[in-house]
Amino acid sequence: MKKLYHFHGGIHPPSNKAQSTQLDIARTPLPSKLIVPLHQHAGETAKPVVHAGEHVLKGQLIGMPDGFVSSAVHAPTSGSISAIDMQLIAHPSGLPNLCATLIPDGKDEWVERKPIANYRSHSTAELQQLLRMAGVVGLGGAAFPSDIKLRTGKQKITTLILNGAECEPYITCDDMLMRERAAEVVQGAEMLRFMLDADHVLYGVEDNKPEAISALQQAITASVPILQQNKRHEVVAIPTIYPGGSAKQLIRVLTGLEVPSGKLPTEIGVQCFNVATACSVYRALAHGEPLLSRIVTITGNVRQARNYEALIGTPIGELVELSCTLPDTNGYIMGGPMMGFSLPAVHVPMVKATNCIIAASEHLFPPPPPVMPCIRCTRCVEVCPADLQPQDLYWFAQSREFGRAQAFSLFDCIECGACSYVCPSHIPLVQFYRFAKSEIRAREHDKQLADQARERHEYHEQRIEREKQEKSEKLKAKEKAAQTAKLACSQPLTSQQQAEQAGLEASRAHIRELAQSSVEHAKD
Amino acid sequence: MLFSPLISKPEGVSAIMLKVLLALLPGIALYVWYFGPAILVSITLASITALGTEALMLRLRNRPVAPFLKDNSALLTAWLLALSIPPLAPWWLVVVGTAFAIAIAKHLYGGLGNNLFNPAMVGYAVLIISFPAQMTQWIAPQGLVLAELSFTQQLDYIFLGMLPQGLTMDAITMATPLDTLKTHLHLEETVQQIFHMSIYGQIGGHGSEMVAWGFLFGGLYLLASRIISWHIPVAYLGSLFIIAWIFHMADPAHFVAPLFHWFSGAAILGAFFILTDPVSSPTTNRGRLIFAAGAALLTFLIRVFGGFPDGVAFATLLMNICVPLIVLYTQPKVFGKKAKS
């Protein structure tokens with residue numbers, strides 16, 4: 001048994017996972033249309049490379065990565081692009097973003113795929129570029145481009161962690177993926193390990209997923225021929241506790257190491273990928289398939305909760321209908337009940353980050369009781385996985401003492417919501433932290449702008465000053481030139497004149513000396 | 001629009017306060033057993049006054065009355081104060097103390113969650129300074145004095161100030177075990193001689209030690225149900241024990257054994273119910289240890305060398321003042337900011 005470590009705090013909310021693990025993963029039928037956002041990943045929006053009216057094939061590039069942190073976007077099926085315009089997307093802001101709308105032609109016709117026979121014969125840089133162009137991003141929720149996470153520079157990576165913890169209630173997409181596609185996960189993990197040159201691979205899976213754990217173990221045993229010797233793959237059952245799937249907490253549990261505040265896991269020789277990401281890495285390299293679909297859990301207030309493999313861009317309304325939402329549904333949550341957010345509308349498309357859609361109802365998520373004052377009971381402190389003092393941060397946020405909030409490590413808050421979950425005063429603590437963070441960011445942005453403006457202004461002033469100086473120097477130089485010219489014209493000094501001038505100079509110096517001493521005398 | 005997290009634990013402030021009230025019941029039951037039902041009258045009086053004052057102050061402060069009345073926090077203040085003052089005191093004593101605690105110590109500081117001082121202890125401090133005579137009329141345990149009042153006679157005294165013909169207060173009340181000890185030590189008696197008096201029981205005062213057991217039982221329930229953490233009770237009782245033990249070992253004739261300090265006065269009540277008030281105690285665990293140790297030292301000093309019959313209330317209030325500073329200097333290390341392992 002591997003020695004496990006603890007992180008501080010954590011909670012045990014009802015898991016509600018059984019509902020959606022009764023049936024296997026189902027493929028969704030082709031939707032009537034696909035709305036593919038060009039910004040589904042952390043970083044810069046992909047640049048559209050198709051135009052309205054164009055016919056595209058399945059897997060054809062429609063958005064080119066634009067900038068260092070960016071990723072490619074592809075047509076999930078064959079059909080025609082009907083529009084490239086601003087559409088409402090699945091984002092808590094409810095703001096529209098650039099999307100390509102695709103009307104499927106029903107043929108699901110693939111573009112030419114270029115699978116890689118032996119990835120070990122390719123350079124890491126080449127493979128990273130392939131992943132970038134295959135639109136592979138983190139499928140755990142943050143959708144961070146995977147190729148960037150593989151660029152670890154000179155930092156030696158000892159441990160690659162595959163995150164299959166899936167600690168949020170309701171969500172089971174990773175569980176089902178590990179159960180059904182463990183072999184692909186393991187092969188993808190080995191590819192990631194190869195690219196990172198990591199020494200070993202740990203799969204962190206919460207112990208409430210025994211099927212997934214044994215599936216992975218079997219897959220590892222079966223994959224021994226393709227794995228490198230001395231590069232161990234090991235499945236570790238970790239205690240079920242929320243937020244055990246948060247990267248920093250998972251690293252702590254598996255390795256006992258803490259990622260330093262504000263730093264990346266690579267700093268301590270660890271890199272972390274979601275199991276579904278590993279699967280898409282495998283599909284991208286071994287089959288040449290870009291990331292076109294993902295597994296999403298449809299659960300909550302539905303007749304039959306289930307996991308679906310759905311195309312990116314599928315309108316969520318069409319997706320949830322497959323599970324038959326019940327009539328008293330009053331909204332949809334993307335993500336889990338702890339960290340998810342309310343969808344602005346049901347017709348928004350699912351994206352690479354969509355791991356779960358929960359149909360909400362008053363019965364499932366009753367409106368919170370009235371908020372009471374904080375009584376400093378510190379139940380929030382007891383559960384905070386970042387060892388923060390949530391009650392103090394709340395106080396600073398509500399009194400807008402942002403400086404003190406920062407001094408009390410506001411930005412180490414991972415917004416897991418454990419504090420809000422246990423608060424007996426039902427204070428929406430996380431909302432306060434989000435508010436304080438966004439205020440601080442806005443102020444820093446303003447300050448940056450102001451600094452830039454001031455710098456520009458100062459530079460401008462300096463330039464004027466310099467020009468003035470240069471002008472006056474030129475003038476002086478001219479005058480001097482004129483004077484020397486004059487002098488040159490006049491007679492040279494006689495020796496007597498020179499002696500006179502020297503005498504005059506000496507007496508002047510004497511007077512200066514006298515004046516100086518009298519001043520000093522006065523001072524005394 | 002729904003905001004995450006969408007789920008929460010059902011236990012609210014009022015449920016927590018209710019559990020604390022329940023935890024007081026064993027002690028109260030033993031109180032009634034040994035000292036008669038007068039304590040129930042003062043608890044009732046204090047409760048009514050607390051709720052009335054709370055409602056009035058909420059109304060004056062333009063706050064919603066109903067949700068705050070239901071939070072049970074005013075009731076808890078009322079009960080703790082009623083348990084700290086002599087049950088056979090005139091009715092207005094309880095009323096004045098409770099009203100002061102709720103109106104001044106709680107609401108003028110901003111209401112629930114904002115009071116710097118423990119309201120019940122502020123109420124106690126005001127009473128003992130303003131009405132020292134009434135505050136020392138402790139009812140004697142049953143069976144220790146010749147004259148005992150029936151319940152109706154007690155009511156007559158509490159509400160009308162009338163005693164049965166021929167009886168004086170001195171015949172039915174006694175000084176507390178702590179007070180008696182202090183007085184007799186001043187008379188150059190030794191601890192051993194003093195403890196022969198009938199007022200003393202096995203480890204503390206006769207009767208009152210059993211009430212302390214009741215509060216200890218309730219306190220253990222609070223610990224078990226995680227309403228309070230162990231830090232304050234353990235650090236308080238532990239420090240009190242160690243300090244008292246050092247003095248006792250040095251001079252057993254003049255300093256009582258440490259367990260006497262535990263089981264007399266309000267030490268147990270303070271350790272589990274008063275010092276643990278979340279609002280007025282530190283939020284950090286290390287801070288709680290310092291806070292409770294400081295309170296133990298002050299309790300001991302006031303009891304042994306001070307002029308008041310017990311030291312728990314003033315120790316609590318004095319340590320309440322230090323809380324912001326203690327919290328500031330005992331901040332735990334944040335995840336990822338710990339010393340490199």
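Two strands count as paired here if DSSP finds at least two bridges between them. With that in hand, take A:I333: its bridge partner in β17(A) is A:I358. β15(A) and β17(A), the latter covering residues 356–361, pair in the antiparallel sense over five bridges. Bear in mind throughout that this is a predicted model.

**The sheets of chain A**

That pair belongs to an open sheet of six strands in chain A, ordered β1-β14-β13-β17-β15-β16, with mixed pairing. At the edges sit β1 (26–27) and β16 of chain A, and each of them pairs on one side only.

There is also an open sheet of four strands in chain A, and this one is antiparallel, in the order β2-β8-β7-β4. Its edge strands are β2 (34–37) and β4 (55–56) of chain A; each has a single partner strand, so one side of each has no neighbour in the sheet. Inside that order, β7 (residues 79–88) and β8 (residues 96–104) of chain A run antiparallel and are joined by nine bridges. If you want a register check, A:G79 has A:P104 as its bridge partner in β8(A).

**The two chains overall**

Chain A has 13 helices and 17 strands. Its radius of gyration is 33 Å, well over the 24 Å that the globule rule gives for 524 residues, so chain A is more spread out than a compact globule. Chain B is a helical affair on paper, with 17 helices and two strands. For its 341 residues a compact globule would have a radius of gyration near 20 Å, and the 21 Å of chain B agrees with that.

Here are some whole-chain values next to each other.

| Chain | C-alpha extent along principal axes | Buried residues | Contacts joining residues at least 24 apart, among those at least 6 apart |
|---|---|---|---|
| Chain A | about 120 × 60 × 50 Å | 48% of 524 residues | 74% |
| Chain B | roughly 75 × 50 × 30 Å | 51% of 341 residues | 75% |

**Where the chains meet**

In the contact between the chains, 45 residues of chain A touch 30 residues of chain B. On the chain A side, the elements that give two or more residues are β15 (329–334), β16 (341–342), α11 (418–422) and α12 (429–489). Which element gives the most to this side of chain A? That's α11(A), with three residues. By residue type, the chain A side divides into 27 nonpolar, 13 polar and five charged. β15(A) and β16(A) turn up twice in this story, since both are also strands of the six-stranded sheet.

**Two domains in chain B**

Chain B is divided into domain 1 (12–174) and domain 2 (176–326). The C-alpha centres of the two domains of chain B lie 21 Å apart. Their contact draws on 32 residues from domain 1 of chain B and 31 residues from domain 2 of chain B. On the domain 1 side, the elements giving two or more residues are α1 (13–35), α4 (73–84) and α6 (119–130) of chain B. The largest share of that side, 13 residues, comes from α1(B). The domain 1 side splits into 25 nonpolar residues, six polar and one charged.

**Zooming in on two helices of chain B**

One of those contact elements, α6(B), is worth a closer look. Its 12 residues reach 16 Å from first C-alpha to last, close to the 16 Å expected at 1.5 Å a residue. Is α6(B) mostly covered or mostly open? Mostly covered: nine of its 12 residues are buried. The buried residues are B:P119, B:A120, B:M121, B:V122, B:G123, B:Y124, B:A125, B:L127 and B:I128. Their cover includes α4, α5 (91–107), α7 (132–135), α15 (267–274) and α17 (312–329) of chain B.

The other helix is α10 (residues 177–186) of chain B. Its buried residues are B:P177, B:L178, B:D179 and B:L181. What covers those residues of α10(B) includes α11 (191–194), α12 (208–224) and α16 (285–305) of chain B. After α10(B) comes B:E188, with a positive phi near 70 degrees.

Technical notes
Residues are numbered from 1 along each chain as its sequence is written. Chains are lettered from A and ligands numbered from 1 in the order in which they are written. This is a predicted model: local features need pLDDT of at least 70, side-chain atom pairs count only at pLDDT 80 or more; totals for chains, interfaces and linings use all residues. Domain bounds come from an automatic or database domain assignment. Two residues are in contact if their C-beta atoms, placed from the backbone, lie within 7 Å. Ala, Val, Leu, Ile, Met, Phe, Trp, Tyr, Cys and Pro count as nonpolar, Asp, Glu, Lys and Arg as charged, and the others, Gly among them, as polar. The radius of gyration is taken over C-alpha atoms; the globule rule is 2.2 Å times the number of residues to the power 0.38. A residue is buried if 20 or more other C-beta atoms lie within 10 Å of its own, exposed if 12 or fewer, and partly exposed in between; C-beta atoms are placed from the backbone. The expected span of a helix is 1.5 Å times one less than its number of residues.
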